[in-house]
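Subject: Structure for your review

Dear colleague,

Please find below the structure that I am handing over to you. My findings follow it, arranged by topic.

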Amino acid sequence: MTDIETGMQVRRNVLGDAHVDRAEAAKTEFDTPFQDLITKSAWGTVWAGDGISDRDRSMLTLALLAALGNFEEIPMHIRATARTGASKTDVLEAFQHVAIYAGVPRANHALKLAKATYAEMEQGDQT
């Protein structure tokens, strides 16, 4: 299996088919090389590794996104916790670490996004 095939399989396992299908449909000739890079490196290498669990990767990813202020991807990765096994408590703990080590405003905003996303998920919108 190629890095892209592995990456696509892992990406679908973590994010779900509906999300990946939408992302693939939105690809253009312009951004295909970038999407391939992400699929190979993030999903085909980092997320495909066996050194830590997907649950732990979810918490690390969410904490890093919040700490660096990359809030746009937090809802997507909150939705992924339904597949990775990271609980709401795990996510809260990760964001509490963000508050102490990277700043309360970033953690507060991440928690706001998580709450809204969990509410959507509970209403059945898990896409």
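Is aspartate 90 buried or exposed? Please note before the answer that the model is a predicted one. Aspartate 90 has a relative accessible area of 13% and is therefore buried, the cut-off for that class being under 20%. This residue is situated in helix α6. Leaving aside residues up to four places away in sequence, aspartate 90 is in contact with Arg55, Met59 and Gly85.

Valine 98 is also placed in helix α6. Its relative accessibility is 3%, so valine 98 counts as buried. With residues up to four places away in sequence again left out, the contacts of valine 98 are Ala63, Ala66, Ala67, Gly103, Arg106 and Ala107. For a distance along the chain, consider valine 98 and asparagine 13: they are 85 residues apart in sequence, and 26 Å separates their C-alpha atoms.

I turn next to helix α4.

Helix α4 comprises 14 residues, from 54 to 67. At 1.5 Å a residue it should span 20 Å, and because its end C-alpha atoms are 20 Å apart, the expected and computed values agree. Which residues of α4 are buried? They are Arg57, Ser58, Met59, Thr61, Leu62, Ala63, Leu65 and Ala66. In general, an α-helix has 3.6 residues a turn, so residues three or four places apart point the same way. The cover over the buried residues of α4 includes α3 (32–46), α5 (74–84), α6 (88–102) and α7 (104–122). After α4 comes glycine 69, which has a positive phi, near 75°.

The last topic is the largest pocket.

What is the volume of the largest pocket? The computed value is about 510 Å³. Its lining consists of 23 residues, and those nearest the centre of the pocket are Ala42, Trp43, Glu73, Met76 and His77. Two or more lining residues come from each of α1 (3–15), α2 (17–26), α3, α4 and α5. Helix α3 supplies the largest share, with seven residues. By residue class, the lining of the largest pocket contains 14 nonpolar, six polar and three charged residues.

In short, helix α4 has the span expected of it, both aspartate 90 and valine 98 are buried, and the largest pocket takes the largest share of its lining from α3.

With kind regards

Key
Residues numbered from 1 in each chain as written. Predicted model: local features only at pLDDT ≥ 70, side-chain atom pairs only at ≥ 80, totals over all residues. Heavy atoms only, no water. Helix = DSSP H or I, 4+ residues; strand = E, 2+ residues; numbered from the N terminus. Expected span 1.5 Å × (residues − 1). Buried < 20%, exposed > 50% of the residue type's maximum accessible area, 1.4 Å probe, protein only. Contact = heavy atoms within 4.5 Å. 1 Å grid on protein atoms, 1.4 Å probe; cavity = no way out; pocket = protein on both sides within 12 Å on 5 of 7 lines; lining within 4 Å. Points joined across faces, edges and corners; volume = space filled by probe spheres on them. Nonpolar A, V, L, I, M, F, W, Y, C, P; charged D, E, K, R; others polar.
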